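Colleague: Could you take me through one small part of this model, slowly? I'm new to this, so please explain the terms as you go.

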Amino acid sequence: MALKAVLFDLDGVLLDTEGIYTDFWSGIDSRFPTGVDNFAAVIKGNTLTNILATYFPDTTVQTQIKHLLVEQELNMPYRMFPGAIELIEGLRDMGINTAVVTSSTLAKMKNVFRTLPRFAQAVDTLVTDEDVTASKPDPQGYLIAARRLGAGAGEFIVVEDSMAGLEAGRRSGAFVAGIATTNPMEAVRPACDLAVDAIADITPQILAEAFQAR
């Protein structure tokens, strides 16, 4: 079966931002205590809508958090991991379509693409929290992206770092590549088909060969 698309999570996979978000959500948990141990790790991969509805039922608090997050994402640095843009462009050169499937908002993605225009031009489609009704580990976002790119079951790869994202990839029926940036390798390896320490360890050829050998 031919590989038609590679679908990437964003933070922790393509962008080196997970540490910033960990600090942000840890600060939110200190200001508006949830009582959840390791809160910043627990919510990784969730949409903002799901986080607020699940952990912050007070609408006044929800509004405050939204404002704080908008300010954070407007001013935070967006840096791609080494090798990330080269991987996306290399896949394009091989005729393989790519997508970003993120729990982030469209407003944030506008900031990202404004900061990183080369990235914006390299990706074929984008799925944000506004396109889905269910957060990862639900596979909805990945299935939407695959459908947009004309990739059927078993014809695409998902590249993820969070445990919720890895599960979403598995549930979508994809070949799953796991990046051990957010979680330790011992947690990532059993949850995916191909595990690497960093996205720089993946080339288009490595992905294509691993996909065909599955």
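Leaving aside its neighbours within four places in sequence, which residues is S172 in contact with?

Modeller: This is a predicted model, where local features need pLDDT of at least 70, side-chain atom pairs need 80 or more, and totals for chains, interfaces and linings use all residues. Residues are numbered from 1 along each chain as its sequence is written, and side-chain values use heavy atoms, with hydrogens and water left out.

Now to your serine. S172 touches P139, Y142, L143, F156 and V158, if you skip neighbours up to four places away in sequence; contact means heavy atoms within 4.5 Å. You'll find S172 in the loop that links helix 9 (163–171) to strand 5 (175–179). Helices (H or I, at least four residues) and strands (E, at least two) are DSSP runs numbered from the N terminus. With 7% relative accessibility, S172 counts as buried: that's under 20% relative accessible area, while exposed is over 50% and partly exposed is in between (1.4 Å probe, protein chains only). The S172 side chain also reaches the backbone nitrogen of A174, at 3.3 Å.

For another look at burial, try helix 3 (residues 48–55), whose buried residues are L48, I51 and L52. Down the helix 3 axis they fall within an arc of 95°, so they line one face; the arc is taken from the directions from the axis to the C-beta atoms. Exposed T49 and A53 sit on the face turned away from that buried side. Covering the buried residues of helix 3 are, among others, helix 1 (18–31), helix 2 (39–42) and helix 4 (59–75).

Terms used. A polar contact is a pair of N or O atoms within 3.5 Å; within protein, one must be able to donate a hydrogen and the other to accept it, and residues adjacent in sequence count only if both atoms are side-chain atoms.
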